[in-house]
Amino acid sequence: MTTHLPTCACCGDALAYENRIDFGCNLPDAALGLPEERVHRLGVRALLRVDGVGCFIRCLLSVRLTHGTELVLGAWVQVDEDTLRRAHELWERPGYAELSVRGTFANRIQPWGEDLLGAEVTAKVADPEELPCVVDIHDPAAVHVLTRTWDRDHVLSRFPFPLPVDVRTDLGDHWSVLRTSGLTASFADGTDHFTAPDRSAAVNLATDDVTGRAPADFLTALMSGAPDTRPAQRVREPLGEGVRYAFWLTPQDHGRPRHEFYGMAVTDGTAAGLFCTYEDPADLEWAQRIWRSLDRAVDTP
């Protein structure tokens, strides 16, 4: 799945509000990686014929999320040749408002994955200025995509592209962190990375190899060899029965072009470490916000 944000799934214009988040799939999954000469667009971006694969119409799938958010997926529905031809005849004409499409969903989108890919759907035009909207999913394994209200963090944390809202992201071992708006997300070599051109954050987890050691003592071991910064450039705070600690460096401190922020959050036997870089000194507040968002859920009986 390839996409970009924040834009409208129908027209590609930038979105300036947070209660509707649009993602657009550029191609059906079955067409990804195929030579361009096999992909034929029928005058508009929403109608597609792929040699040896089939016919597709781009439709909108609206999913309800918590926090009053609507996720609108501009994805592809595979249809037969007659349906594609009829859609082409009606597109941008008065009869378009009556267009109804039945076919199979042609993109694998997490967290629904295989349940949604290949599910039979019906799409109809609700607004003549927009793509047809999926109004029914006929596959029992996938109908819950339309009927449920989904946790916004659970769904949006699966999308690595920049988002217009903050999203709490699972790090594993019950740890989570806030991925702030505007950052891409990736995971490599045991580290979660959140990046933008002017700033970045990296988070990884550590386990204490000394059984029963107090969080404060584990923190001391983790900070061994760290620079002894000025009191104004370090802070220590409680974290439940654990502890948070952070320090930061300016370009004058280390000779590198960006500001750097190092933070730890430590509980019994485990810790999360954060490293941020940023160009604008005012983004220290942003780095501290991410650091303070590091949290570990406590198991309940």
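A residue counts as buried when its relative accessible area is under 20%. By that cut-off helix α7 is mostly covered, with 7 of its 10 residues buried. Those buried residues are L284, W286, A287, Q288, I290, W291 and S293. The model discussed here is a predicted one.

**The chain as a whole**

The chain has 301 residues, of which 49% count as buried. Its secondary structure comes to 7 helices and 19 strands. Taken along the principal axes, the C-alpha atoms fill a box of roughly 70 × 50 × 35 Å. Of the contacts between residues at least 6 apart in sequence, 48% join residues at least 24 apart.

**The seven-stranded sheet**

An open sheet is built from 7 strands in the order β12-β13-β14-β18-β17-β16-β15, and the pairing is antiparallel. Strands β12 (184-188) and β15 (234-239) stand at the edges; each has a single partner strand, so one side of each lacks a neighbour in the sheet. From one strand to the next, the twist averages 15°.

Within this sheet, β13 (residues 191-196) and β14 (residues 199-207) run antiparallel and are joined by 5 bridges. Residue F194 stands opposite A201 of β14. Strand β13 also holds T191. At 12% relative accessibility, T191 falls under the 20% cut-off and therefore counts as buried. Leaving aside residues up to four places away in sequence, T191 touches S186, A202, V203 and N204.

Two helices lie against the sheet. Helix α5 (residues 215-222) lies across β14, β15, β16 (242-249), β17 (259-267) and β18 (270-278), and runs at about 145° to β17. Helix α7 (residues 284-293) packs on the sheet as well, touching β14, β15, β16, β17 and β18, and its direction makes about 165° with that of β18.

**Strand β11 and its partners**

Strand β11 (residues 175-179) has 5 of its 5 residues buried, so the strand is largely enclosed by the rest of the structure. In a regular strand the side chains alternate between the two faces of the sheet. In β11 both faces are covered: W175, V177 and R179 are buried on one side, and S176 and L178 on the other.

Two strands pair with β11, as the table sets out.

| Strand joined to β11 | Bridges | Direction | Residue opposite S176 |
|---|---|---|---|
| β10 (residues 167-172) | 5 bridges | antiparallel | D170 |
| β19 (residues 295-296) | 2 bridges | antiparallel | D295 |

S176 thus has D170 as a bridge partner and stands opposite D295 in β19. The hairpin of β10 and β11 has 2 residues between the strands, and D173 there takes a positive phi near 55°.

**The second largest pocket**

Rolling a probe the size of a water molecule over the atoms shows where empty space is left. The second largest pocket has a volume of about 210 Å³. Its lining is made up of L239, G240, E241, G242, T267, D268, D295, R296, A297 and V298. By class, the lining residues of this pocket divide into 3 nonpolar, 3 polar and 4 charged. One of the lining residues, D295, is also the residue of β19 that stands opposite S176.

Conventions: Residues numbered from 1 in each chain as written. Predicted model: local features only at pLDDT ≥ 70, side-chain atom pairs only at ≥ 80, totals over all residues. Heavy atoms only, no water. Pairing = 2+ DSSP bridges. Helix = DSSP H or I, 4+ residues; strand = E, 2+ residues; numbered from the N terminus. Axes fitted to C-alpha atoms, helices over the stretch in contact; angles between N-to-C directions. Contact = heavy atoms within 4.5 Å. Buried < 20%, exposed > 50% of the residue type's maximum accessible area, 1.4 Å probe, protein only. 1 Å grid on protein atoms, 1.4 Å probe; cavity = no way out; pocket = protein on both sides within 12 Å on 5 of 7 lines; lining within 4 Å. Points joined across faces, edges and corners; volume = space filled by probe spheres on them. Nonpolar A, V, L, I, M, F, W, Y, C, P; charged D, E, K, R; others polar.
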